[in-house]
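Reader: I am new to this structure. Please take me through some of the labels used for it, and show me the reasoning behind each.

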Amino acid sequence: MATSVASRTGQLHFNDALFRGQSCKGANRAHNIATAKCMQKELSWSHGVSKALQNNNYFHPQTLDAIKQRSRVINSYLREGYNKYFDFAVIGSGVAGLRYALEVAKYGTVAVITKAEPHECNTNYAQGGVSAVLSQSDSVESHVQDTIVAGAYLCDEETVRVVCTEGPERIRELIAMGASFDHGEDGNLHLAREGGHSHRRIVHAADMTGREIERALLEAVKNDPNIFVFEHHFAIDLLTCQDGSDTTCHGVDTINTDTQEVVRFISKVTLLASGGAGHIYPSTTNPLVATGDGIAMAHRADAVISNMEFVQFHPTALADDGLPIKPREARQNAFLITEAVRGDGGILYNLNMERFMPIYDERAELAPRDVVARSIDDQLKKRKEKYVLLDISHKPRENILSHFPNIAAECLNYGLDITKQPIPVVPAAHYMCGGVRAGLQGETNVRGLYVAGEVACTGLHGANRLASNSLLEALVFARRAVEPSIDHVKSTRTDRGASHAWARPMMPRSLGTSVFNNIVRKTHEVRRRLQSMMWTYVGIVRSTKRLQTAEKRIEELELEWETYLFQHGWEATMVVLEACEMRNLFCCAKLVVSSALARQESRGLHYMIDYPHVEERLRLPTVIFPSSPVNTSWSSRQLHRQQICEGLLSSSILSA
């Protein structure tokens, strides 16, 4: 493990320095401050990361049917045993993955590998919209400043300026592709305002913006002959090789969860666009697929990880405890009440109908999410209550129903009319501001591996994401990753013998049904226990003691789970969806805890009781470097042994 200190000019130093985060591979942590002589290797966040290190019915049935029909065609002519060869492999089918795929498909074949149905992604659940400067009263400079303030001044300013400047053109591209956004009476785009924004700049499609963007992108994908969608393919591990100190990615192993077979994708370029890790917590607005797969795979493949302590808890998820009619079953993911409700004039009250946000912040309900979430958390703890109330009923009924039809319908299913009654809300895990460290073109320190979307840490969000900046970031970085990806594809060629360079994972068929079922049950139990630990000890408000307790108990729980597996006949190369997700949840949970322990201040989303103030000297990103795989857990290492590129290159992927 190694660490970093970034200067305020955006230079990132790779050395023994402040914010030594612990790899999930088990290296020891330290908290020392580097002297100047340690700062030898400089790497700009924004330039040259790779150089230095090298509601489902919403979708038209024809769109999904066309994708499924093409999925059947794929197997007929791309199948060589269970190996598949593409120029580009895209892991994830949200806005970042699909937008990238549509561009690179002009230059080669593209496999879009998606864990569930193509539309089952975080994009589909994004309600609020996309932020962009599209009115004459607004400015890029204002958007930049709003982003930096919300990010607690930890954002990379160059990255922020790039995203805010290029954002409007990315919106226009979506509209040209057929995405339909709301317009006002004057015929112009209706721009909403959300917490942390000084202007109205949120482009939206009612309260179902993510669905509309996903629909438009999937429609374009189905019509592109160079894009092939592999649904129900769960990514296990990246296929990498080592060339001296450099790591190169050559594709990914997956499980076809329909056939329970391992499928290997060999590609010249791989884009990780797999979303976040909301399910390390028991309550999250993320869909079930958000188990940190991309972050964990990248970390195991020696990619640099950054700012994992900054987990955004959305202040307002629907609180089932406060509904007149309770859901019959516990939700798999919390129902989001978009930021736009507060932006449209929604007011937060405790159960005595006392407005409380002005007590905590002069911006009241329009304060950034971290402030609002902590304020609600404080109210709940002080008053020993389970939820607070968000009231929009003072607004005209027709406005509420036109702006928030999805929220109104969901609440009405449980006996709540939001045009007359306040909405019960509670914070829930929502977004990972940290992730795989990326440069301005989505490049990572692993050659041939690019990242975009929530899985990436580009420096845009800093210590807290500004509302509706996530879809914007995904669109911008998906496009920026295209040019270097094309250059990389043009400089390499693929030998069909490459797939034999790595040992193949195997399904646990030899265990027998009874043993296998017991392992799955044990895994489900362990998953719930891990989620409970994270909420109890690594939630909205933290302390060093709680984090140290979490670190110890998570390590013990991981050892208990892995011991159970191997005592019951499990082998190191065995894979099944439940176990692979559990590996990734453990890996991401440990990365969050380690990063949180390294930051001894309160900044943005990371609030420490014993370090309650912002420390200017600590205005630095937390960086976790690869570490030695010696004595690591099963969850923390790749299933296959990493190959030496020199031997692999002679028979697989060569310079053109």
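Author: Gladly. The model is predicted. We begin with Glu581 and Lys115, whose closest N and O atoms are 2.7 Å apart.

Reader: Why is the contact between Glu581 and Lys115 called a salt bridge?

Author: The cut-off is 4 Å between a side-chain nitrogen of Lys or Arg and a carboxyl oxygen of Asp or Glu. The closest N and O atoms of this pair are 2.7 Å apart, so Glu581 and Lys115 form a salt bridge.

Reader: What makes this pair a tie between parts of the chain?

Author: Glu581 lies in helix H17, while Lys115 lies in the loop between strand E5 and strand E6. The pair therefore ties together parts that are 466 residues apart in sequence. Both residues are buried.

Reader: How do you know whether Asp253 is buried or exposed?

Author: Buried means under 20% relative accessible area. Asp253 has 1%, so Asp253 is buried. Arg264 is buried too, with a relative accessible area of 0%. Asp253 and Arg264 form a salt bridge, with the closest N and O atoms 2.6 Å apart.

Reader: Why is Glu354 called partly exposed?

Author: Partly exposed lies between the 20% limit for buried and the 50% limit for exposed. Glu354 has a relative accessible area of 40%, so the label fits. Arg383, at 26%, also counts as partly exposed.

Reader: How do you know that Glu354 and Arg383 form a salt bridge?

Author: Their closest N and O atoms are 3.8 Å apart. The cut-off is 4 Å, so the pair counts.

Reader: How many salt bridges does the structure hold?

Author: The structure holds 44.

Definitions and conventions: Residues are numbered from 1 along each chain as its sequence is written. This is a predicted model: local features need pLDDT of at least 70, side-chain atom pairs count only at pLDDT 80 or more; totals for chains, interfaces and linings use all residues. Side-chain values use heavy atoms; hydrogens and water are left out. Helices (H or I, at least four residues) and strands (E, at least two) are DSSP runs, numbered from the N terminus. Buried means under 20% relative accessible area, exposed over 50%, partly exposed in between (1.4 Å probe, protein chains only).
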